[in-house]
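Welcome to this guided tour! Keep your viewer open, and be ready to select a residue at each stop.

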Amino acid sequence: MEVFEINREEELDQLAKYILLNYPDKRFFALYGPLGAGKTTFIKYLSKQLGVIDSVKSPTYTLANMYKTQEGKKIYHLDLFRIKDSIEWLDIGIDDYFEDPNAVIFIEWPEKIVDLLPKDRTIFIHINPDPDTQKRKIVILLSDEQENYA
Ligand SMILES: Nc1ncnc2c1ncn2[C@@H]1O[C@H](COP(=O)(O)OP(=O)(O)O)[C@@H](O)[C@H]1O
Ligand SMILES: [Mg+2]
């Protein structure tokens, strides 16, 4: 488990670099946090570090966005806020994205499908905003730590 205090949005740039460097075998990024916590924003910074040139926008209504990096690597950005559970998810068929072995997958609201994520390839990121300031506490967990994290 690693915990970071983020005081300004721009600090996410360094944190994105750090995570991609230190967790190179993770290609699933499960981002937890309430509405407005900064999940989409952090995905923007992570995508930028991965070399995405497309503009990263919230897929709240489309469920999934796809971006490409300069090297042609695919990045999927999912927002499962509107999904009921993993059964609905499988019905829609978006889990096909999970099978692309080179793709990076960012997931907002992963609670709904957490049982479908490959444990050894997933990093769990919790963003906890301080209600009184603009500050965020960002907690990084591996799968076994996630299971014990309240
Ligand atoms: N680390 C941060 N520091 C300050 N403001 C932030 C930070 N992260 C996000 N924000 C701001 O919070 C708002 C909501 O962010 P967003 O990424 O859309 O949240 P979420 O996807 O979790 O609902 C945006 O206006 C964004 O600019
Ligand atoms: Mg969002």
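**Stop 1: the metal**

Select the magnesium ion, which is ligand 2, and show the side chains around it. The ion is coordinated by OG1 of Thr40 and OE of Glu108, at 2.1 to 2.2 Å. Now colour the two partners by the element they belong to: Thr40 lies in helix H2 and Glu108 in strand E5 (residues 104-108), so the pair ties together parts that are 68 residues apart in sequence. Are these two residues buried or exposed? Both Thr40 and Glu108 are buried. Keep in mind as you go that you are looking at a predicted model.

**Stop 2: ligand 1 and its shell**

Next, select ligand 1 and display its surroundings. How many residues surround ligand 1? There are 14, and the closest are Gly36, Gly38, Lys39, Thr40 and Thr41. You have already met Thr40 as a partner of the magnesium ion.

Zoom in on the oxygen atoms of ligand 1 and look for three polar neighbours:

- Thr41: a polar atom of its side chain lies 2.6 Å from an oxygen atom of ligand 1.
- Thr40: an N or O atom in its side chain is 2.8 Å from an oxygen atom of the ligand.
- Ala37: here a polar backbone atom is 3.2 Å from an oxygen atom of ligand 1.

Switch on a surface to see how covered the ligand is. Taken alone, ligand 1 exposes 570 Å², and the protein buries 71% of that.

Which element gives the largest share of the shell around ligand 1? Helix H2 (residues 39-50) does, with three residues. Try colouring the shell by class as well: five of its residues are nonpolar, five are polar and four are charged.

**Stop 3: two unusual backbone angles**

Now turn to the backbone. Most residues other than glycine have a negative phi. Select Leu63, in the loop between H2 and E3. Leu63 is not a glycine, yet its phi is positive, at about 70°. With a relative accessibility of 15%, Leu63 counts as buried, because the cut-off for buried is under 20%.

Then pick Trp109, in the loop between E5 and strand E6 (122-129). Trp109 also has a positive phi, of about 60°, although it is not a glycine. Its relative accessible area is 16%, so Trp109 is buried.

**Stop 4: Asn65 and its polar partners**

Select Asn65, in strand E3. What does the side chain of Asn65 reach at 2.6 Å? It reaches the backbone oxygen of Lys57. The side chain of Asn65 also makes a polar contact with the side chain of Thr62, at 3.3 Å. Leaving out residues up to four places away in sequence, Asn65 touches Lys57, Ser58, Pro59, Ile75, Tyr76 and His77. At 17% relative accessibility, Asn65 counts as buried.

**Stop 5: Thr69**

Follow the chain to Thr69, in the loop between strand E3 (64-68) and strand E4 (74-79). Is Thr69 buried or exposed? Its relative accessibility is 5%, so Thr69 counts as buried. Beyond residues up to four places away in sequence, Thr69 touches Leu50, Gly51, Val52 and Ile75.

**Stop 6: Ile6**

Go to strand E1 (residues 2-6) and select Ile6. Draw a distance line from its C-alpha to that of Arg136: the two residues are 130 residues apart in sequence and 5.1 Å apart in space. Arg136 is among the residues that Ile6 touches when those up to four places away in sequence are left out; the others are Glu11, Leu12, Leu15, Lys135 and Ile138. Ile6 counts as buried, at 7% relative accessibility.

**Stop 7: Leu20 and Arg82**

Select Leu20 in helix H1 (residues 12-22). Setting aside neighbours within four places in sequence, Leu20 is in contact with Phe29, Leu46, Gln49 and Leu50.

Finish with Arg82, in the loop between E4 and helix H3 (86-92). At 48% relative accessibility, Arg82 counts as partly exposed. Show its contacts too: apart from neighbours within four places in sequence, they are Thr60, Tyr61, Glu88 and Lys112. For a last distance line, join the C-alpha atoms of Arg82 and Ile19, which are 63 residues apart in sequence and 28 Å apart in space.

Conventions:
Residues are numbered from 1 along each chain as its sequence is written. Chains are lettered from A and ligands numbered from 1 in the order in which they are written. This is a predicted model: local features need pLDDT of at least 70, side-chain atom pairs count only at pLDDT 80 or more; totals for chains, interfaces and linings use all residues. Side-chain values use heavy atoms; hydrogens and water are left out. A residue is near a molecule or strand if one of its heavy atoms lies within 4 Å of it. A polar contact is a pair of N or O atoms within 3.5 Å; within protein, one must be able to donate a hydrogen and the other to accept it, and residues adjacent in sequence count only if both atoms are side-chain atoms. Accessible areas come from the Shrake-Rupley method with a 1.4 Å probe; for residues, only the protein chains shown count as cover. Helices (H or I, at least four residues) and strands (E, at least two) are DSSP runs, numbered from the N terminus. Ala, Val, Leu, Ile, Met, Phe, Trp, Tyr, Cys and Pro count as nonpolar, Asp, Glu, Lys and Arg as charged, and the others, Gly among them, as polar. Donors are N, O and S atoms within 2.8 Å of the metal (3.2 Å for Na, K and Ca); water is not among the atoms, so sites may look incomplete. Buried means under 20% relative accessible area, exposed over 50%, partly exposed in between (1.4 Å probe, protein chains only). Contact means heavy atoms within 4.5 Å.
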